[in-house]
Amino acid sequence: MQTEMIRLDPENPGVDGIEKAAGLIKAGELVVFPTETVYGLGASALDPGAVEKIYRAKGRPQDNPLIVHVSSLEMAGECTVQDLGRYSSILDVLWPGPVTLIFKKSEAIPACVTAGLDSVGLRFPSHPVALRLIEAAGVPIAAPSANISGRPSPTSEEHVIEDMNGRVGGIILAGDTIFGLESTIVDLSREKPTLLRPGPVDAERLGELLPGLEIPGFVRARDEYRGEALSPGLKYRHYSPEIPLILIEGSPGAVVSRAGILARRDKSVVLCSQELADYYPVHVKKVVLGSRNDLYAVASGLFKALRDRDNLNYTQIISEPFPETGIGLAIMNRLRKAAWRIDRV
């Protein structure tokens, strides 16, 4: 398949480029587009044939539901049978933004979008390109991350070209994404609000907005999730780099010591914080993700570090843990899901 590359300014996307991409969506084709979290692989959520192309392009299991992106509350209301007016105080704060909310779906949303579930994940992104594309297409857009299933999600132009060139009708190129991790997912379709996937909007903030918010144990990804996939990122292994990732959990001293032992055995890349970088062995390649006091910076560079092609020159990636406060919960969720092995010291 010939893939059209569409270059757009992330802040002020041109009309011609947006119309070209929207035309592909209207024609039932796939378009890769940027959001504030990661790049998405989009198709009309109302077109079952187009949605099936998403699963084929990604190699995605059919029982893994997709997130539906909207450009207005009115469009969101057409996708659910729940009264969104009841949640206005929450939606006014969280949307547009990096949060997916799960509601009972309407008949407008085909079963293939939701993997047969009676609920649908809705997201109202804040990225100007994403919003303009949805508006121009005139339909909600189903879009998982634009990567081959199982690999780290794409946060840069290089990533989406590598994974999706030749698989889709068009790729919008608009620079790096902001947050670098997928959206927070909260289930509002059941009796109690439940956090299903941590992301840029942290659990502490959500708890203030949603009193009684449940945070199941699987959110920390310490144990394998069992049951039907109520949202993306639950049932299957995700985010895996091309060489084994070993996550070491423990006190800083124990982590550095264990990393040194592992690095003596194999040629290693170490993902680390500014605070601990100087304590690792000099013979390893150190990738400093950022300060432990600025976890948003760490998050924004995580997938880029996992997808670095230079890693193929090494035998393994070793990662230290990060604090599980704020977006740190999402960082550790992704690291644990990506890990080939977790050493607790």
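How many helices and strands are there in the chain? The chain has 10 helices and 15 strands, counted as DSSP runs from the N terminus (helices H or I with at least four residues, strands E with at least two).

This is a predicted model, in which local features need pLDDT of at least 70, side-chain atom pairs count only at pLDDT 80 or more, and totals for chains, interfaces and linings use all residues. Residues are numbered from 1 along each chain as its sequence is written, and side-chain values use heavy atoms, leaving out hydrogens and water.

**Figure 1. The five-stranded open sheet.** Here the strands follow the order 13-12-14-11-15, with parallel pairing (two strands pair if DSSP finds at least two bridges between them). Strand 13 (285-290) and strand 15 (341-344) are the edge strands, each pairing on one side only. On average, neighbouring strands of this sheet are turned by 20° against each other, direction ignored. Axes here are lines fitted to C-alpha atoms, for helices over the stretch in contact, and angles run from 0 to 180 degrees between N-to-C directions. Further in, strand 11 (residues 245-249) and strand 14 (residues 316-319) run parallel and are joined by three bridges; Leu 245 has Ile 317 of strand 14 as its bridge partner.

**Figure 2. Two helices on the sheet.** Helix 9 (residues 295-307) packs on the sheet and touches strand 11, strand 12, strand 13 and strand 14 (contact means heavy atoms within 4.5 Å). The direction of helix 9 makes about 145° with that of strand 13. Helix 10 (residues 328-338) lies across strand 11, strand 14 and strand 15, and runs at about 130° to strand 11.

**Figure 3. Strand 12, with its neighbours.** Strand 12 pairs in the parallel sense with strand 14 over four bridges, and with strand 13 over five bridges, again in the parallel sense. Leu 271 has Ser 319 of strand 14 as its bridge partner, while Val 269 has Lys 285 of strand 13. Is strand 12 mostly covered or mostly open? Strand 12 is mostly covered, with six of its six residues buried (buried means under 20% relative accessible area, exposed over 50%, partly exposed in between, with a 1.4 Å probe and protein chains only). In a regular strand the side chains alternate between the two faces of the sheet. Ser 268, Val 270 and Cys 272 point one way, whereas Val 269, Leu 271 and Ser 273 point the other way.

**Figure 4. Zooming in on Ser 273.** Ser 273 sits in strand 12 (residues 268-273), and its relative accessible area is 0%, so it counts as buried. Leaving out residues up to four places away in sequence, Ser 273 touches Val 288, Gly 290, Arg 292, Glu 320 and Phe 322.

**Figure 5. Tyr 87 and Phe 103.** The structure holds three aromatic pairs (rings of Phe, Tyr and Trp, the last by its six-membered ring, pair if their centres lie within 6.5 Å; planes under 30 degrees apart count as stacked, over 60 as edge-to-face and the rest as tilted). The ring centres of Tyr 87 and Phe 103 are 5.4 Å apart and their planes stand at 65°, so this pair is edge-to-face. Tyr 87 lies in the loop between helix 3 (73-77) and helix 4 (88-94), and Phe 103 in strand 5 (residues 99-104), so the pair ties together parts 16 residues apart in sequence. Tyr 87 is buried at 11% relative accessible area, and Phe 103 is buried at 0%.
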